[in-house]
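Open the model in your viewer and keep the sequence panel beside it. Have a selection box ready.

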Amino acid sequence: MLRFIKSVIKSILVTLISFIIIVLIFIAIGLSSSSEDVEKIKENTILSIDLSEKIIDRTSEFDFDFSSLNNESSSIGLDDVLNSIDKAKYDDNIKGIYLNIDMVSASLATLEEIRDKLLEFKDSTEKFIISYSEIYSQKAFYISSVSDKIYIHPEGIIEFKGISYEGMFFKEALEKLEVKPQIIRQGKFKSAVEPFMLDKMSNSNRKQVQRFVNSMWEDIKLGVSDSRNLSDKELNNIAENFLIKSAEDAVDYKLADALQYQDQVDDSLRKKLNLESDVKIEKISLKEYANVPNSKKKKFSKDKIAVIFAQGTINSGEGDNENIGSETTSKAIRKARKDKKIKAIVLRVNSPGGSALASETILREMELAREAKPVVVSMGDVAASGGYYIACKADTIVANPTTITGSIGVFGVLMNLEKMMKNKLGITIDRVKTNQFADIASPTRALNESEIAIIQNQVEMIYDKFITHVAEGRNMTKEEVDSVGQGRVWTGKDAINLGLVDVLGGMEDAITIAADMAKLESYRITKLPIEKNPFEKIIEDLGGQVRISIIKNELGKTYPYYQKVNELMNMDKIQMRMPHQFEIY
């Protein structure tokens with residue numbers, strides 16, 4: 001108890017101090033921005049990229065990152081990463097890119113977009129890309145493989161071992177707690193409910209998971225093969241037999257070019273820059289470079305393309321940076337539809353799904369928007385189940401080859417807590433009601449056969465509506481949609497062959513397609529939903545961060561499990577979503 005009180009007091013003090021610091025920072029920013037111009041890039045500068053921060057779709061217009069005050073990792077927007085690499089192509093002061101990447105906090109689809117941008121940089125300029133790290137995780141190596149030269153520390157390692165999937169299952173934990181999950185689903189591949197029913201993957205789920213991890217692995221090998229001039233057979237042999245056990249192995253098998261220490265890498269960079277051995281190398285980070293004006297000036301245009309970001313689980317009500325709220329997202333789409341200066345809409349979806357009702361609300365606004373102007377969807381790491389539902393009626397759907405999509409299925413889940421409350425807590429429930437279904441879906445008793453039939457009917461009706469929407473949006477029959485539906489998950493590369501996706505590409509490709517559809521030669525990007533002003537955001541964060549900080553201090557490494565359980569207890573009864581715990585390594 002004393003530890004808990006100390007944790008509360010500590011969190012409150014940190015919050016108060018943080019607030020004072022933030023106010024002072026705002027004052028300092030205001031003074032400096034009014035009196036100083038943006039610093040220019042020095043000649044012979046290298047753009048240094050490390051990708052150690054969490055990569056999210058959207059860069060906040062509010063520069064100060066509160067997460068750093070709560071011992072959390074800061075983040076950078078994918079849009080800033082892509083824009084900075086693009087900007088470096090035309091900046092005469094930027095002579096090349098230095099990749100210093102070890103661990104990456106991003107999924108494969110996001111990395112694909114960054115990697116493709118680096119390839120574009122490499123192919124369209126005579127500037128260099130050099131990579132160095134002590135340790136290359138597999139994702140880090142995938143990104144770094146585009147480099148002209150890959151250097152590794154003599155005692156370092158490159159990870160190249162294939163892809164694995166891990167799913168978390170709660171069946172035995174629920175049994176120990178005497179909690180009985182009551183599940184109704186439509187779709188034999190609808191694996192989102194399996195963590196509550198089974199202690200391992202079903203055969204059908206294992207089949208679909210094996211297919212999409214194979215597809216991802218093929219995509220990684222293809223990229224590395226092209227960049228490193230190694231065959232698919234050679235790469236698969238390296239992974240299958242775990243041949244990279246040392247830095248020397250990495251060079252011997254041509255995954256790296258040379259063993260070097262940092263000072264030797266610096267010498268290599270100086271040669272590229274034609275510098276003397278004692279001259280300092282000028283480097284600028286992605287975050288710093290994001291604030292530098294683009295040397296390739298664009299003509300001002302009154303015409304705009306709205307990029308609407310929809311990231312996280314889909315819920316009813318207001319959303320935030322980690323959750324899609326039906327009200328927030330619908331309002332953003334509606335605003336873009338009614339704004340005459342906005343000529344096209346790009347919806348960036350990065351969601352495993354969520355509430356069926358909230359998804360339907362968002363889809364309605366997408367239908368209305370499509371009647372008014374071109375609507376394009378850009379799929380991020382995942383746009384599955386409810387995430388696909390809100391995307392299916394766009395004019396064009398763009399996905400990365402490793403985007404996880406599909407999962408066209410519906411399920412209902414209710415937890416019966418009766419035995420847990422009685423046997424674990426000594427709480428019993430008695431009830432009085434006016435009609436037989438007055439307490440349907442109560443968590444304190446089991447569903448009866450009539451109630452199961454009612455909910456099953458609701459699930460089937462929503463599934464039928466789901467495949468009807470997809471059939472209408474994708475110009476397919478309901479039978480065709482059902483054959484690739486049933487809750488089955490696909491990669492973007494598979495989805496394009498099935499008619500669920502139109503184009504393989506990233507967010508920038510989606511924007512280009514939207515511009516072409518709207519016949520725009522010049523345009524500006526406007527990002528939606530509109531962010532709250534900084535002080536509103538701070539006040540919200542202060543309240544939320546205190547609570548989160550206390551819980552994290554108490555739960556430690558088990559906090560992610562708490563998040564999953566909390567999400568389960570607060571979600572709508574009928575869902576369109578991917579599995580709760582979904583990790584690919």
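The tour goes from one strand and its partners to a set of salt bridges. Keep in mind that this is a predicted model.

**Stop 1: strand β16**

Select residues 375-384, which form strand β16. Is this strand buried or exposed? Of its 10 residues, 10 are buried, so β16 is largely enclosed by the rest of the structure.

**Stop 2: the partners of β16**

Add residues 342-351, strand β14. β14 and β16 run parallel and are joined by 6 bridges. Click Met 379 in β16; Val 349 stands opposite.

Now add residues 396-399, strand β17. The pairing with β16 is again in the parallel sense, over 4 bridges. Stay on Met 379: its bridge partner in β17 is Ala 399.

Then add residues 404-406, strand β18. Here 3 bridges make the link to β16, and the two strands run parallel. Pick Ala 383 and look across to Thr 405, its bridge partner in β18.

**Stop 3: Arg 334 and Glu 365**

Switch to side chains. How many salt bridges does a search of the whole structure find? The count is 31.

Select Arg 334 and Glu 365, whose side chains meet in a salt bridge at 2.8 Å, N to O. Arg 334 lies in helix α12 (residues 326-338) and Glu 365 in helix α13 (residues 356-372), so the pair ties together parts that are 31 residues apart in sequence. Check the surface of each. Arg 334 is partly exposed, with a relative accessible area of 29%. Glu 365 counts as buried, at 9% relative accessibility.

**Stop 4: helix α16 and its two links**

Show residues 449-474, helix α16. Select Glu 472 with Lys 393: their side chains form a salt bridge, 2.7 Å from N to O. Lys 393 sits in the loop between α14 (386-389) and β17, while Glu 472 belongs to α16, so the contact ties together parts that are 79 residues apart in sequence. Lys 393 counts as buried, at 10% relative accessibility.

Move along α16 to Asp 464. Its side chain meets that of Lys 478 in a salt bridge of 2.8 Å, N to O. Lys 478 is in helix α17 (residues 478-484), so this pair ties together parts that are 14 residues apart in sequence. Asp 464 counts as partly exposed at 34%. Lys 478 is also partly exposed, at 31%.

**Stop 5: a network**

Finish by selecting Asp 86, Lys 89, Lys 117, Glu 120 and Glu 508 together. Salt bridges that share partners join these residues into one network.

Key. Residues are numbered from 1 along each chain as its sequence is written. This is a predicted model: local features need pLDDT of at least 70, side-chain atom pairs count only at pLDDT 80 or more; totals for chains, interfaces and linings use all residues. Side-chain values use heavy atoms; hydrogens and water are left out. Buried means under 20% relative accessible area, exposed over 50%, partly exposed in between (1.4 Å probe, protein chains only). Two strands pair if DSSP finds at least two bridges between them. A salt bridge is a side-chain nitrogen of Lys or Arg within 4 Å of a carboxyl oxygen of Asp or Glu.
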